[in-house]
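Please open the model in your viewer and keep the selection panel at hand. The tour proceeds from the whole chain to individual side chains.

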Amino acid sequence: ALVERLLAKHQETKNKSTTVCLLTIGPQVGFYEKHGFEATTTTNIKNLPLSLQFEYAAGSALSAVLGNELVCMVRRPNP
């Protein structure tokens, strides 16, 4: 319910045509796919905002130490 409310709030903004990005760990990918998110490849991460690229790099290192895979996911705007 929380993800749906946040996405609905995003749709109400003047930036509703923008892509929504998030970082999660591998086991949670299915949850976000149900909400229209898709996992990005490491190649596509270069196309994301610089701040998210840095967060992904730092998070990947920490996730590796903790035994998790960090996954970047995007939800593209509805046409």
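Helices (H or I, at least four residues) and strands (E, at least two) are DSSP runs, numbered from the N terminus. The model on display is predicted. With that convention in place, the stops below can be selected by element and by residue.

**The whole chain**

Display the protein chain as a cartoon: 3 helices and 3 strands are present, and along the sequence they follow the pattern α-β-α-β-α-β. Aligned on the principal axes, a box of roughly 40 × 25 × 15 Å holds the C-alpha atoms. The chain has 79 residues, of which 29% count as buried. Among contacts with a separation of 6 or more, 78% link residues 24 or more positions apart.

Next, switch to a surface. About 5,700 Å² of the protein chain is exposed, and carbon and sulfur atoms supply 56% of that area. If the surface is coloured by charge, note that the mean positions of the 8 positive and 6 negative charges lie 8 Å apart.

**The largest nonpolar core**

Select Val-3, Leu-7, Val-20, Leu-22, Val-29, Tyr-32, Phe-37, Val-71 and Met-73; these 9 residues make up the largest nonpolar core. Two or more residues of this core come from each of helix H1 (2-11), strand S1 (20-25), helix H2 (29-33) and strand S3 (70-75). A second, separate core has 7 residues, including Ile-45, Leu-48, Leu-52 and Leu-70.

Now centre the view on Met-73. Leaving aside neighbours within four places in sequence, Met-73 is in contact with Val-20, Cys-21, Leu-22, Thr-24, Val-29, Tyr-32, Glu-33, Phe-37, Glu-38 and Ala-39.

**Thr-24 in strand S1**

One of those contacts, Thr-24, lies in strand S1. Is Thr-24 buried or exposed? Its relative accessibility is 8%, so Thr-24 counts as buried. Not counting residues up to four places away in sequence, Thr-24 touches Val-29, Tyr-32, Glu-69, Leu-70, Val-71 and Met-73.

**The aromatic cluster**

Show the rings of Phe-31, Tyr-32 and Phe-37, which form one aromatic cluster. The count comes to 2 aromatic pairs. Phe-31 and Tyr-32 form an edge-to-face pair, with 4.9 Å centre to centre and 85° between the planes. Tyr-32 and Phe-37 also form an edge-to-face pair, at 6.0 Å centre to centre and 85° between the planes. As for exposure, Phe-31 is partly exposed, with a relative accessible area of 39%, whereas Phe-37 counts as buried at 4% relative accessibility.

**His-35 in the loop**

Move to the loop between H2 and strand S2 (38-39), where His-35 is found. Why does His-35 count as buried? Its relative accessible area is 15%, and buried means under 20%, so His-35 meets the criterion. Which residues does His-35 contact, leaving aside neighbours within four places in sequence? They are Val-3, Glu-4, Leu-7 and Arg-75. Draw a distance between the C-alpha atoms of His-35 and Val-3: the separation is 7.7 Å, although these residues are 32 residues apart along the chain.

**Ser-63 in helix H3**

Finally, select helix H3 (residues 50-66) and locate Ser-63 within this helix. At 10% relative accessibility, Ser-63 counts as buried. Beyond residues up to four places away in sequence, Ser-63 touches Asn-68 and Leu-70. Leu-70 has already appeared as a member of the second core and among the residues that Thr-24 touches.

How values were computed: Residues numbered from 1 in each chain as written. Predicted model: local features only at pLDDT ≥ 70, side-chain atom pairs only at ≥ 80, totals over all residues. Heavy atoms only, no water. Phe/Tyr/Trp six-rings, centres within 6.5 Å; stacked < 30°, edge-to-face > 60°. Buried < 20%, exposed > 50% of the residue type's maximum accessible area, 1.4 Å probe, protein only. Contact = heavy atoms within 4.5 Å. Areas by Shrake-Rupley, 256 points an atom, 1.4 Å probe, with all protein chains shown as cover. Lys, Arg positive; Asp, Glu negative; His and termini not counted. Charge placed at Lys NZ, Arg CZ, Asp CG, Glu CD. Core = buried A, V, L, I, M, F, W, Y, C linked by side-chain atoms within 4.5 Å.
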